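Biologist: I would like to go through this model feature by feature. Please give the idea behind each reading, and then the case at hand.

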2 protein chains.
Amino acid sequence: MTNSLSYSTQLAQQARVAATALANVTAGRKNAWLRRVADTLRDDATAIVAANAIDLDAGADSGLSPAMLDRLKLTPDSIDSLASAVGQIIALPDPVGEVIEGQRRPNGLYVSRVRVPLGVVFFIYESRPNVTIDAAALCVKSGNAVILRGGKEAIHSNRALQAVIEKTLVAEQLPQHAVQLVESTDREIVGHLLSLGNLIDVTIPRGGKSLIERVAREATMPVIKHFDGICHVFVDASADEKMAVEITVNSKCQRPGVCNAAETLLIHQAAAPKLWPQLAKELQSRGVELRCCPVSLAMISNGKPATDEDYATEYLDLILSVRIVESIDQAIEHIRRFGSAHTDAIVTNSVESAMKFEAEVDSAAVVINASTRFNDGGELGMGAEIGISTDRFHARGPCGLRELTSYKFVVRGEGQIRS
Amino acid sequence: MTNSLSYSTQLAQQARVAATALANVTAGRKNAWLRRVADTLRDDATAIVAANAIDLDAGADSGLSPAMLDRLKLTPDSIDSLASAVGQIIALPDPVGEVIEGQRRPNGLYVSRVRVPLGVVFFIYESRPNVTIDAAALCVKSGNAVILRGGKEAIHSNRALQAVIEKTLVAEQLPQHAVQLVESTDREIVGHLLSLGNLIDVTIPRGGKSLIERVAREATMPVIKHFDGICHVFVDASADEKMAVEITVNSKCQRPGVCNAAETLLIHQAAAPKLWPQLAKELQSRGVELRCCPVSLAMISNGKPATDEDYATEYLDLILSVRIVESIDQAIEHIRRFGSAHTDAIVTNSVESAMKFEAEVDSAAVVINASTRFNDGGELGMGAEIGISTDRFHARGPCGLRELTSYKFVVRGEGQIRS
């Protein structure tokens, strides 16, 4: 225990020193590093795939599901995609040094608010090893040092990727501790790192609910949390039927296992009789199990009754809760009661409904006439993201480069004093 | 204990409901309320002064210092100033609904980031009763419900001020629980409220270090902390002497008891021989005790030797730590080691030094050729402030209306789905 505490403290102190050095590195030098990371990933693909094979074998032996093994797997093609993703981060503007706003005060002082890095980020994530590279690239580009703690299933893959990161940091003369991987799979280390609020500025956990709850409970520094996505599509009385079908099907089926997939469909009672039976068929033909309120259940075949617990569940699967509502107010009330304030969409042709939904639904993303699946850093124009925050504090929704920054006030005068 | 927990939960639930209702109230209605608060404060000044007299008597009996009694005291004149301060908040733009940024995506989606209130604020503060009105005005204008917990020394004054707030909320048909005062002085209630992270969005403690430490330890929601201000003035080799004297004297003496007053003076060795003896005299003539490094001590009369502990102390008094440094790098290193990243100023005529100081000193406010005393919401052009954050997360430096907000993404489409 003492050993793992001193190891954790050493990691954090090294990150602190690296963060100070990194804060003023120019975008040109950070981009040169990103370019070298992309090139080296491609050059070293064979070694990375070999390391990944050890994880895949161990995963198969320990009974990981095929879906989990698929998430874990790296191939020359997926490594090439990863290198391309790093290339895209080069193109994003450096957030550090951005003047967020500025003014000249009546007394002649120039006051500006300038973006600075947060400092040291502790990033905890689960099995997908490509996240290792994404997180390192985003943190370094935003001037932060990062301590990476990946899943133990991916430890060999992560070590191989970290080898790329370390040698490229050295080659580009950036602080070598700008990115550190927790080498040990010892679970105690996470607790120790979470206790170091004086050295680490923010913890970002990405993974299952129990991980995030543990981190929120133990952390002595701010946490950017990523909780449930219980996302809704509300089909208003005036909705275009074709649009309603397409948006509902896309929101539910395009990638059901992710946080911005829809879990509940609400339909205005005026639209339901004509729309719902047809929409239900479309969903069922794609293998979606429908859990319905009594009214919607009576209109279709092969539905199941829904419980309140269903409405409060993030299925992450081809299951959809359905409810027919009397009004937009009842829909908004349902979203407030059962939703998780992540992503909620309305399909409507009524300006009044669109404005009301936008104003009264207080979710990280409120979507009018489009799929819930658009709540994503890339789709919203922020470039890559390190996660999607379900918090209201500091950052909400997708967290890209800017969300990994703070700011400072710069005040320039000619001798002004306060009277 | 059960009673105080159920009382706390009731306060928080009422605040939650009020926050939802308040989130969409127009600026016009919020400003009408502020106008009525200002008018009613003036109308009810006699009753407020009478309530305040009870606190003043009790304070004198319990041995509050004259300075504390002075902070506690309300007069018709100070109530008039308070009403004017409320009037100034009317003039500030409503942050809620501000479109922070927006773009049209290649697929035709309109994406914007729109400012929304944080929700429910728990504000804990000490004896000055005028803070009650400031905090209520700022929170309501930014669309937040607030639970106010003032000091027990000011409870009668705060109740009289809260009576003004409540009757004006009712008169203007705003949610009556938008502002609630914790009526009891029971210390347990603070702990209970800090445990209600599911109902309260942020806690802002303003007061002594032990209060803030307790809140940071116990809170289950984010906290905007306001820790030490160990602020520095660095006089560079090239500084204008007159400016250096004026800025140092103003930073130290204009109001020594506040967080943005200077606590340490650093002087470049090239400037010291000519400047320091003269500056020391100016400071000593204003009653400032000088605690000096050996070199600076030898150059003046009546100085005292400084210890490392002195350099790490926020005096909040007419005491100044002094050190002569060999270089700007040594000054920056000193500020990193001993400072609190609050407010640090340089006096220089060198562009190179100014740029270096600005880039490498990572404080909430970095000041070039002006007094440290300018790190204040009003002075920086943000209007009134609810506190000055020493955190890097969410808000740094003065916290005005905008810093009491979050945002949501609004995505408008014409049927877009994700492929």
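**Helices, sheet and interface**

Modeller: This is a predicted model. Take a helix pair to begin: in chain A, the axes of helix α2 (residues 27-43) and helix α6 (residues 130-141) come within 10 Å, crossing at roughly 165 degrees. Angles over 145 degrees count as roughly antiparallel, so α2(A) is roughly antiparallel to α6(A). The crossing in which α2(A) passes α6(A) is right-handed.

Biologist: Which residues make the contact of α2(A) and α6(A)?

Modeller: From α2(A) come Lys30(A), Trp33(A), Leu34(A) and Val37(A), and from α6(A) come Ala137(A), Val140(A) and Lys141(A). By class, the contact of α2(A) with α6(A) has five nonpolar, no polar and two charged residues.

Biologist: What does α6(A) lie across?

Modeller: α6(A) lies across β3, β4 and β5 of chain A, and its angle to β4(A) is about 165 degrees. For a sheet, one reads the strand order and the direction of pairing. Here four strands of chain A form an open sheet in the order β5-β4-β3-β6, with parallel pairing.

Biologist: Which strands stand at the edges?

Modeller: β5 (179-181) and β6 (202-206) of chain A do; each has a single partner strand, so one side of each is left without a neighbour in the sheet. On average, neighbouring strands of this sheet are turned by 20 degrees against each other, direction ignored. Within the sheet, strand β3 (residues 120-125) and strand β4 (residues 145-149) of chain A run parallel and are joined by five bridges. Val121(A) stands opposite Val146(A) in β4(A).

Biologist: Now the two chains. How many degrees is the turn that lays chain A on chain B?

Modeller: A turn of 180 degrees, with a shift of 0.0 Å along the axis, lays chain A on chain B with an RMSD of 0.1 Å. The two copies are thus related as by a two-fold rotation axis. His394(A) is the residue of chain A that comes closest to this axis, its C-alpha being at 1.9 Å.

Biologist: Why can one say that the copies meet through the same surface?

Modeller: Because 100% of the interface residues of chain A are also interface residues in chain B. Each side is then counted: 53 residues come from chain A and 53 residues from chain B. On the side of chain A, β16(A) gives the largest share, eleven residues. That side has 24 nonpolar, 16 polar and 13 charged residues.

Biologist: Which strand of chain B is joined to β16(A)?

Modeller: Strand β13 (residues 365-370) of chain B runs parallel to β16(A), with five bridges joining them. Phe409(A) stands opposite Ala365(B) in β13(B).

Technical notes
Residues are numbered from 1 along each chain as its sequence is written. Chains are lettered from A and ligands numbered from 1 in the order in which they are written. This is a predicted model: local features need pLDDT of at least 70, side-chain atom pairs count only at pLDDT 80 or more; totals for chains, interfaces and linings use all residues. Copies are superposed by least squares on the C-alpha atoms of residues with pLDDT of at least 70 in both. Two residues are in contact if their C-beta atoms, placed from the backbone, lie within 7 Å. Helices (H or I, at least four residues) and strands (E, at least two) are DSSP runs, numbered from the N terminus. Ala, Val, Leu, Ile, Met, Phe, Trp, Tyr, Cys and Pro count as nonpolar, Asp, Glu, Lys and Arg as charged, and the others, Gly among them, as polar. Two strands pair if DSSP finds at least two bridges between them. Axes are lines fitted to C-alpha atoms, for helices over the stretch in contact, and angles run from 0 to 180 degrees between N-to-C directions. Angles under 35 degrees count as roughly parallel, over 145 as roughly antiparallel, 65 to 115 as roughly perpendicular and the rest as oblique. A crossing is left-handed if the near helix is turned anticlockwise from the far one by less than a right angle, and right-handed if clockwise.
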